[in-house]
Amino acid sequence: DSHGYFVDANAALATRRLSIIDLATGDQPVFNEDRSLVLTCNGEIFNYRELRSSLEKKGHTFRSQTDIEVLVHLYEDDGVEFLNQLNAQFGLAIYDRVKRTLFLARDQFGICPLFYTVVDGFLIYASEIKAILAHPLAPREVNLTGLDQVLSLPGAISPQTVFRNIHSLPSGHYLTVKDGHVAVREYWD
């Protein structure tokens, strides 16, 4: 229904949106009040009304009525711990323009997919592998372990995919990128 993007010297975030909540003003990317944080999200936050009410009481202001806007303010207040407050399905990215840190996270049950690769010093991520493959640097080699899982099991087991060096962020995990260092950590089991 819409698209948007953010680009600076260190990061580029882009999104295509299927509008479900707040069709008029819910476009992405979404920013916090001082625009130091940039958010894109594929998903739905089921408890956003309660979270929004709490954030407004703390003084946060909202530019839209969309459910995902709570994410940028929660991250601003609580860092990665905000993930434990969510009743949601999501694959999200938050870029901190001041700290030059990228944060990706996937919901606890892995309902929304999130894939990534690191090539030539770039992290490329997307909610679909075909979006990663559209990038000219993306690897296009078969991962035999992932292929075996697809043929033997109901599907590839995260972090495996059928492409070598393209990974699925496991459910209940987040990924951070800071100064070229990529770290994946579990936040929920």
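In the predicted model, phenylalanine 103 has threonine 176 of strand β10 as its bridge partner. This pair belongs to the contact between strand β6 (residues 101-106) and strand β10 (residues 173-178), which run antiparallel and are joined by five bridges. Both strands are part of an open sheet of six strands, arranged in the order β3-β4-β5-β6-β10-β11 with antiparallel pairing. The edges of this sheet are formed by β3 (30-31) and β11 (181-186), each of which pairs on one side only.

A helix is placed against part of the six-stranded sheet. Helix α2 (residues 69-78) lies across β3, β4 (37-45), β5 (88-96) and β6. Relative to β4, helix α2 runs at about 125 degrees.

A further open sheet consists of three strands in the order β8-β7-β9, and its pairing is antiparallel. Because β8 (122-126) and β9 (167-168) stand at the edges with a single partner strand each, one side of each is left without a neighbour in the sheet. Strand β7 (residues 115-119) pairs with β8 over five bridges in the antiparallel sense. Within this pairing, valine 119 has phenylalanine 122 of β8 as its bridge partner.

On the surface, a nonpolar patch is formed by Val142, Leu144, Leu147, Val150 and Leu151. Together these residues have about 470 Å² of accessible area. One of them, leucine 147, is found in helix α4 (residues 144-152). The relative accessible area of leucine 147 is 33%, so this residue is classed as partly exposed.

Definitions and conventions
Residues numbered from 1 in each chain as written. Predicted model: local features only at pLDDT ≥ 70, side-chain atom pairs only at ≥ 80, totals over all residues. Heavy atoms only, no water. Pairing = 2+ DSSP bridges. Helix = DSSP H or I, 4+ residues; strand = E, 2+ residues; numbered from the N terminus. Contact = heavy atoms within 4.5 Å. Axes fitted to C-alpha atoms, helices over the stretch in contact; angles between N-to-C directions. Patch = residues over 30% accessible without salt bridge, like charges linked within 9 Å, V, L, I, M, F, W, Y side chains within 5 Å. Areas by Shrake-Rupley, 256 points an atom, 1.4 Å probe, with all protein chains shown as cover. Salt bridge = Lys/Arg side-chain N within 4 Å of Asp/Glu carboxyl O. Buried < 20%, exposed > 50% of the residue type's maximum accessible area, 1.4 Å probe, protein only.
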